[in-house]
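Colleague: I'd like to learn how to read the strands and sheets in a model like this one. Can you walk me through it?

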Amino acid sequence: MLNGIKLKDGDKLPKVDYEVTMKARRIEGDDFFYCLTFPFKKSHATFVLGGWGGSVCGISSIDFMDAMENMTMSVREFEESQWYEVRVVITDHRIQGFVDGERIVNANVKDRNVAMRFGEIEESVPFGISTYRTGAEYKDISLRKLTKEEIAAATKLDDEDEF
């Protein structure tokens, strides 16, 4: 029911100030087709697309609440077999998620508890992509450090623009 891939040796992965990009698509099933587990400071978090029955997106977990329960939750329909460009930007105080260039997560995580959801998804640590009751494909996976200018721009966003 839960499938995925992970990077075994994560000691050299950045903990903040980096981005992950890739293309992803659901090829069958009815739940999350993209659940990126990534390092964040001394913990890990996940960016979920299509969870909780196929349409919920967000970050798990913030202040002990899953994406379905916290301020990052949004609902979005995903077409089967359609490729989506996904981007996650991780800085010291902010996590952002984008789908096809549209920012759907803009979480100010300063002074928040950001940690993994407990359970099977922990198998994805330190860096992995997983699915639940779904088949998916991924390509063009990239992880890179942000430049000083990109870090400043991501950090400078207005608090009113957060979700």
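Colleague: Let's start with strand 7 and strand 8. In which sense do they pair, and over how many bridges?

Modeller: The general idea first: strands of a sheet pair through backbone hydrogen bonds, either parallel or antiparallel. Keep in mind that this is a predicted model. Here, strand 7 (residues 84-90) and strand 8 (residues 94-99) pair in the antiparallel sense, over 5 bridges. To see one residue pair, go to Ile90, which stands opposite Ile95 in strand 8. The connection is a hairpin, with 3 residues leading from strand 7 to strand 8.

Colleague: What pairs with strand 7 through 7 bridges?

Modeller: That's strand 2, again antiparallel. Look for Val20: its bridge partner in strand 7 is Val88. As for burial, strand 7 is mostly covered, with 5 of its 7 residues buried.

Colleague: Now zoom out. What is the strand order in the open sheet of 5 strands?

Modeller: Read across it and you get 9-8-7-2-11, with antiparallel pairing. Strand 9 (102-108) and strand 11 (134-145) are the edges, each pairing on one side only. From one strand to the next, the twist averages 15°.

Colleague: And which order does the open sheet of 6 strands have?

Modeller: That one goes 1-10-3-4-5-6, also with antiparallel pairing. Its edge strands are strand 1 (2-7) and strand 6 (74-75), and each of these pairs on one side only. Inside that order, strand 3 (residues 34-40) and strand 10 (residues 127-132) are joined antiparallel by 3 bridges. If you want a spot to click on, Thr37 stands opposite Gly128 in strand 10.

Colleague: Next, strand 5. Why is it largely enclosed by the rest of the structure?

Modeller: Think about the faces first. In a regular strand the side chains alternate between the two faces of the sheet. Now the case at hand: strand 5 (residues 56-60) is largely enclosed because 5 of its 5 residues are buried. Both faces are covered, with Val56, Gly58 and Ser60 buried on one side and Cys57 and Ile59 buried on the other.

Colleague: Which strands does strand 5 pair with, then?

Modeller: Strand 4 (residues 43-50) is joined to strand 5 by 3 bridges, antiparallel. There, Val48 stands opposite Gly58. Strand 5 also pairs with strand 6, antiparallel over 2 bridges, and Val56 stands opposite Val75 in that strand.

Colleague: One more, a charged residue. Arg26 caught my eye; is it buried or exposed?

Modeller: When you meet a charged side chain, check its burial and then look for a partner. Arg26, which sits in strand 2 (residues 18-29), is buried yet has no salt bridge. Glu80 has the nearest side chain of opposite charge, 6.3 Å away, while the cut-off for a salt bridge is 4 Å.

Colleague: Which backbone oxygens does the Arg26 side chain reach instead?

Modeller: The side chain reaches the backbone oxygen of Gly54 at 3.2 Å. Also, a polar atom of the Arg26 side chain lies 3.5 Å from the backbone oxygen of Phe78.

Colleague: What else does Arg26 touch?

Modeller: Leaving out residues up to four places away in sequence, its contacts include Asp31, Phe33, Gly50, Ser81, Thr134, Gly135 and Ala136. Gly54, Phe78 and Glu80 belong to that contact list too.

Terms used:
Residues are numbered from 1 along each chain as its sequence is written. This is a predicted model: local features need pLDDT of at least 70, side-chain atom pairs count only at pLDDT 80 or more; totals for chains, interfaces and linings use all residues. Side-chain values use heavy atoms; hydrogens and water are left out. Two strands pair if DSSP finds at least two bridges between them. Helices (H or I, at least four residues) and strands (E, at least two) are DSSP runs, numbered from the N terminus. Axes are lines fitted to C-alpha atoms, for helices over the stretch in contact, and angles run from 0 to 180 degrees between N-to-C directions. Buried means under 20% relative accessible area, exposed over 50%, partly exposed in between (1.4 Å probe, protein chains only). Lys and Arg count as positive and Asp and Glu as negative; His and the chain ends are not counted. A polar contact is a pair of N or O atoms within 3.5 Å; within protein, one must be able to donate a hydrogen and the other to accept it, and residues adjacent in sequence count only if both atoms are side-chain atoms. Contact means heavy atoms within 4.5 Å.
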